[in-house]
Amino acid sequence: MKLQILPQALTVCKIGDLSAFVPSGLYFIGNTDAELSLVCETERAPAQTLAREDGWRALRVAGTLDFALTGILSGLAGALAGAKIGIFAVSTYDTDYILVKKERLDRAVEVLKEAGYRFD
């Protein structure tokens, strides 16, 4: 399976509402009965957040994944957990994204290559 390293610096934050966020570039919004979360390019993150963590980078599973496939995130997460690399996972209709802290990115790539993943 091929992975791609995305170039953007990312921020994960919890926000009260979306009024201060202008959708542009790479972003993910999660809204539940308990919270409103935003993952976005760091330079586009709202100044006012309830909680915020900068310093993330993303790895994307290349291509479109069929819904019948199983274990994609499990394989990635398991390899990284074995190396004690924490993740933040996001999925879209087409594919999965694994966010790792920027200081762990090189090690994450090394671990995933050792586990048989290829990179574009």
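Is Cys40 buried or exposed? Cys40 counts as buried, because its relative accessibility is 1%. The model behind this value is predicted.

**Cysteines**

The structure contains 0 disulfides. Cys13 takes part in none, and the nearest cysteine sulfur to its own belongs to Cys40, 5.2 Å away. A disulfide is a covalent bond between the sulfur atoms of two cysteines. The cut-off for the sulfur pair is 2.5 Å. At 5.2 Å, the sulfur of Cys40 is therefore too far from that of Cys13 for a bond. Cys13 is also buried, since its relative accessibility is 3%.

**Strand pairing around β5**

Strand β5 covers residues 51–61. Its partners include β1, β2 and β7. The pairing with β1, residues 2–5, is antiparallel and has 3 bridges. Here Leu3 has Val61 of β5 as its bridge partner. Strand β2, residues 10–14, also runs antiparallel to β5, and 4 bridges join the two. Opposite Lys14 stands Ala51 in β5. Strand β7, residues 96–101, is joined to β5 by 5 bridges, again antiparallel. Two bridge pairs can be named on this side. Arg60 is partnered by Tyr97 of β7. Ala58 is partnered by Leu99 of β7.

**Strand β7 and its hairpin**

What joins β6 to β7? The link is a hairpin, running through 4 residues. Strand β6 spans residues 88–91, and 4 bridges tie it to β7 in the antiparallel sense. Val90 stands opposite Tyr97 in β7. Tyr97 thus recurs: Arg60 is its bridge partner too.

How many residues of β7 are buried? The count is 6 of 6, and the strand is mostly covered. Both of its faces are covered. One side carries Asp96, Ile98 and Val100, and the other carries Tyr97, Leu99 and Lys101. The charged-type names Asp96 and Lys101 are on this buried list as well.

**Aromatic pairs**

A search of the whole structure finds 3 aromatic pairs. Two of them are tabulated here.

| Pair | Centre to centre | Angle between planes | Type |
|---|---|---|---|
| Phe21 and Tyr27 | 5.3 Å | 70° | edge-to-face |
| Phe28 and Tyr97 | 5.2 Å | 65° | edge-to-face |

A pair of aromatic rings is described by the distance of the centres and the angle of the planes. Planes over 60 degrees apart count as edge-to-face. The planes of Phe21 and Tyr27 stand at 70°, so this pair is edge-to-face. Phe28 and Tyr97, at 65°, form an edge-to-face pair as well.

Why does the pair of Phe28 and Tyr97 tie together parts that are 69 residues apart in sequence? Phe28 belongs to strand β3, residues 27–31, whereas Tyr97 belongs to β7, so the pair links these separate parts.

Burial can be given for each ring in the table. Phe21 is buried, with a relative accessible area of 5%. Its partner Tyr27 is partly exposed, with a relative accessible area of 33%. Phe28 is buried at 14%. Tyr97 counts as buried at 9%.

**Tyr97 in summary**

Several threads meet at Tyr97. Its ring pairs with Phe28. Along the strands, Tyr97 has Arg60 as a bridge partner, and Val90 stands opposite it. Tyr97 shares one side of β7 with Leu99 and Lys101.

Definitions and conventions. Residues numbered from 1 in each chain as written. Predicted model: local features only at pLDDT ≥ 70, side-chain atom pairs only at ≥ 80, totals over all residues. Heavy atoms only, no water. Buried < 20%, exposed > 50% of the residue type's maximum accessible area, 1.4 Å probe, protein only. Pairing = 2+ DSSP bridges. Phe/Tyr/Trp six-rings, centres within 6.5 Å; stacked < 30°, edge-to-face > 60°.
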